[in-house]
Amino acid sequence: MAKTSSMYIRIDPKVKSDVEAIFSQYGMSITDAINVFLHTSRNVGGLPFDLRPPVPNAETIEAINEGGKIIKSGKARFDNAEEMLRELKA
């Protein structure tokens, strides 16, 4: 059997309960999941995921800006739901 080293962490009990439920769906314990994380971190030479915040694409930025203009104007883009649905189907 391989030698092991112990690690103790403090974690919010709700977070622990939530991740236990998630990992159990894969037949894994928290210890198993942490080991996967640590091995993957070692293999890639860093964190195995991107920590940068998501950057919206141009279409999303345009929609955000349009929404801001609509809110500032106080007038809806459509007078009723039928108009909106017609444009969505076009």
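Which helix gives the largest share of the nonpolar patch? I looked this up first, in what is a predicted model. The answer is helix 2, residues 30-44, with 3 residues of the patch.

**Entry: the nonpolar patch**

I listed the members of this surface patch: M7, I9, I11, V15, I34, F37, L38, L47, F49 and L51. Together they make about 920 Å² of nonpolar surface. Among the members I then picked F49 for a second look. F49 sits in the loop between helix 2 and helix 3, the latter being residues 58-73. Its relative accessibility is 46%, so F49 is classed as partly exposed. Patch residues need over 30% relative accessible area, and F49 has 46%.

I also checked F49 against F37, another name on the patch list. The two are 12 residues apart along the chain, and their C-alpha atoms are separated by 10.0 Å.

**Entry: the largest pocket**

I noted the volume of the largest pocket as about 340 Å³. Its lining comprises K3, T4, S5, S6, M7, Y8, I9, I30, T31, I34, N35 and L38. By residue type I recorded 6 nonpolar, 5 polar and 1 charged.

Comparing lists, I found M7, I9, I34 and L38 in the pocket lining, and M7, I9, I34 and L38 are also named in the nonpolar patch.

**Entry: salt bridges**

How many salt bridges does the model hold? I noted a count of 3.

I began with K14 and D18. Their closest N and O atoms are 2.9 Å apart. Both residues lie in helix 1, residues 13-24, and because they are 4 residues apart, about one helical turn separates them. Is K14 buried or exposed? I found K14 exposed, with a relative accessible area of 54%. D18 has 35% relative accessibility and therefore counts as partly exposed.

Next I took E20 and K16, whose side chains meet in a salt bridge at 3.2 Å, N to O. This pair is in helix 1 too, and the 4-residue spacing means that E20 and K16 are separated by about one helical turn. I read 36% relative accessibility for E20, which is therefore partly exposed. K16, at 37%, is likewise partly exposed.

The remaining entry on my list is D50 with R52. I noted 2.7 Å between the closest N and O atoms of this pair. R52 has a relative accessibility of 63%, so I put R52 down as exposed. The cut-off for exposed is over 50%.

**Entry: N57 and S17**

Where is N57 found? I placed N57 in the loop between helix 2 and helix 3. F49 is located in the loop between helix 2 and helix 3 as well. N57 is partly exposed because its relative accessibility is 46%.

I then checked how far N57 lies from S17. From C-alpha to C-alpha the distance is 35 Å in space, and the two residues are 40 apart in sequence.

**Entry: recap**

For later reference, I wrote down helix 2 beside the nonpolar patch, with its 3 residues. Beside helix 1 I wrote the pairs K14 and D18, and E20 and K16. Beside the loop between helix 2 and helix 3 I wrote F49 and N57.

Conventions:
Residues are numbered from 1 along each chain as its sequence is written. This is a predicted model: local features need pLDDT of at least 70, side-chain atom pairs count only at pLDDT 80 or more; totals for chains, interfaces and linings use all residues. Side-chain values use heavy atoms; hydrogens and water are left out. On a 1 Å grid over the protein atoms alone, a cavity is a set of points where a 1.4 Å probe fits but cannot get out, and a pocket is an open set with protein on both sides within 12 Å along at least five of seven lines; lining residues have an atom within 4 Å of a point. Grid points are joined across faces, edges and corners, and a volume is the space filled by probe spheres set on the points. Ala, Val, Leu, Ile, Met, Phe, Trp, Tyr, Cys and Pro count as nonpolar, Asp, Glu, Lys and Arg as charged, and the others, Gly among them, as polar. Patches are made of residues with over 30% relative accessible area and no salt bridge: like charges are joined within 9 Å, nonpolar side chains (Val, Leu, Ile, Met, Phe, Trp, Tyr) within 5 Å. Accessible areas come from the Shrake-Rupley method with a 1.4 Å probe; for residues, only the protein chains shown count as cover. A salt bridge is a side-chain nitrogen of Lys or Arg within 4 Å of a carboxyl oxygen of Asp or Glu. Helices (H or I, at least four residues) and strands (E, at least two) are DSSP runs, numbered from the N terminus. Buried means under 20% relative accessible area, exposed over 50%, partly exposed in between (1.4 Å probe, protein chains only).
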